[in-house]
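This report goes through a structure with its bound ligands and then turns to one of its helices. The sequence and the structure come first.

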Amino acid sequence: MASKPTVLITGASSGIGAVYADRFARRGHDLVLVARNAERLESVASRLRAETDVTVDIIQADVTAAADIARIEERLREDERIGILVNNAGAALPGSFVEQNAAQAADLIALNVTAPTRLAAAVAPRFARAGSGAIVNIGSVVGLAPELGLTVYGATKAFVQFLSQGLAQELGPKGVYVQAVLPAVTRTEIWERSGRDVNAMPAVMETAELVDAALVGFDRREAVTIPPLPDAGQWDALEAARRAMLPNYRQVHAAARYRAVA
Ligand SMILES: NC(=O)C1=CN([C@@H]2O[C@H](COP(=O)(O)OP(=O)(O)OC[C@H]3O[C@@H](n4cnc5c(N)ncnc54)[C@H](OP(=O)(O)O)[C@@H]3O)[C@@H](O)[C@H]2O)C=CC1
Ligand SMILES: N[C@@H](C=O)C(=O)O
């Protein structure tokens, strides 16, 4: 029987990524865990080595540092055992747009946008050649909600969602599964790290429940999984409305409502 693919998870030292590591280990997948904090990564890895039979490698890396991401890209290109990439590492920013500065925005884009794009780009050609593999990208419902006042963070997550849906279109026919997971508020350190109190939020999901639900979507091969959304029909309606507009963009002339009045 073919062995299960190894799973490379970024941001596996805490929160959602650490639970993904736990769940894939219990499913019998070897792991490659990536994050900056080697001590915390090693603590996740040693627990999983003790509690399961899987092999767990760790890569201490800052995915926004050129030399570090190059090492992960090389591993993804060269290590044919890796069959699943979970692009989970991410952060948010404190404050409103005018309180943030350009350097903070650029750093967030490097982490939430550039890194997952580069890692997907490193692995996708190999997966496409093999006709198998999966890429899981952790977005956020904030990417669907400009009203929330998390503008730069939300924009990065809208990118992740678009990237995922585009890759699903391109890679799906080649046998590669791409999933966007859109959590809402989940109890992790991201809140404290970005200067917010998660306990002040009206509804907070626990990481275990979030990841277990995301994995139900993974097993069903859903393109977009929104664990907290009760009615899947609402997402389907949004997608249907978006698709219905597509043929209308192909026009030689501007719409009548934009024609200048003489
Ligand atoms: N919690 C929530 O409410 C929601 C979270 N999300 C998304 O879930 C994902 C996981 O976040 P979450 O578990 O909540 O938060 P955590 O802060 O607990 O986890 C973030 C993980 O990313 C790692 N990380 C951060 N920066 C870097 C970096 N530069 N290089 C490598 N690793 C890095 C951290 O490890 P280390 O510090 O060791 O590097 C940590 O393992 C993120 O993409 C986030 O946007 C989406 C919606 C809601
Ligand atoms: N992590 C949160 C924002 O800061 C979210 O995506 O809900």
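Helix α6 gives the most to the shell around ligand 1, with three residues. The model is predicted. Three elements give two or more residues to the shell around ligand 1, namely α1 (15-26), α5 (151-171) and α6 (190-193).

In total, 30 residues surround ligand 1. The closest are Arg36, Asn88, Tyr153, Thr186 and Thr188. By class, the shell around ligand 1 is made up of 14 nonpolar, 11 polar and five charged residues.

Ser13 has a polar side-chain atom 2.8 Å from an oxygen atom of ligand 1. For Ser14, an N or O atom of the side chain is 2.9 Å from an oxygen atom of ligand 1, and for Arg36 the corresponding distance is 2.7 Å. Taken alone, ligand 1 exposes 880 Å², of which the protein buries 97%. Ligand 1 sits in the largest pocket.

Where does ligand 2 lie? The space taken by ligand 2 is the largest pocket, and this pocket is also where ligand 1 sits.

The residues around ligand 2 are Ala92, Ser140, Val142, Tyr153, Ile190 and Trp191. Five of the residues in this shell are nonpolar and one is polar, while none is charged. Tyr153 belongs to the shell of ligand 2 and is also among the closest residues to ligand 1.

Ser140 and Tyr153 both place a polar side-chain atom at 2.6 Å from an oxygen atom of ligand 2. Taken alone, ligand 2 exposes 240 Å², and the protein buries 92% of that.

The table lists the side-chain contacts to ligand oxygen atoms described above.

| Residue | Ligand | Distance from a side-chain N or O atom to a ligand oxygen atom |
|---|---|---|
| Ser13 | ligand 1 | 2.8 Å |
| Ser14 | ligand 1 | 2.9 Å |
| Arg36 | ligand 1 | 2.7 Å |
| Ser140 | ligand 2 | 2.6 Å |
| Tyr153 | ligand 2 | 2.6 Å |

The last topic is helix α8. This helix covers residues 232-245 and has 14 residues. From its first C-alpha to its last, α8 reaches 21 Å, close to the 20 Å expected at 1.5 Å a residue. At the start of α8, a side-chain oxygen of Asp231 comes to within 2.8 Å of the backbone nitrogen of Gly233.

Definitions and conventions
Residues are numbered from 1 along each chain as its sequence is written. Chains are lettered from A and ligands numbered from 1 in the order in which they are written. This is a predicted model: local features need pLDDT of at least 70, side-chain atom pairs count only at pLDDT 80 or more; totals for chains, interfaces and linings use all residues. Side-chain values use heavy atoms; hydrogens and water are left out. A residue is near a molecule or strand if one of its heavy atoms lies within 4 Å of it. A polar contact is a pair of N or O atoms within 3.5 Å; within protein, one must be able to donate a hydrogen and the other to accept it, and residues adjacent in sequence count only if both atoms are side-chain atoms. Accessible areas come from the Shrake-Rupley method with a 1.4 Å probe; for residues, only the protein chains shown count as cover. On a 1 Å grid over the protein atoms alone, a cavity is a set of points where a 1.4 Å probe fits but cannot get out, and a pocket is an open set with protein on both sides within 12 Å along at least five of seven lines; lining residues have an atom within 4 Å of a point. A molecule sits in a cavity or pocket if more than half of its atoms lie within 2 Å of its grid points. Ala, Val, Leu, Ile, Met, Phe, Trp, Tyr, Cys and Pro count as nonpolar, Asp, Glu, Lys and Arg as charged, and the others, Gly among them, as polar. Helices (H or I, at least four residues) and strands (E, at least two) are DSSP runs, numbered from the N terminus. The expected span of a helix is 1.5 Å times one less than its number of residues.
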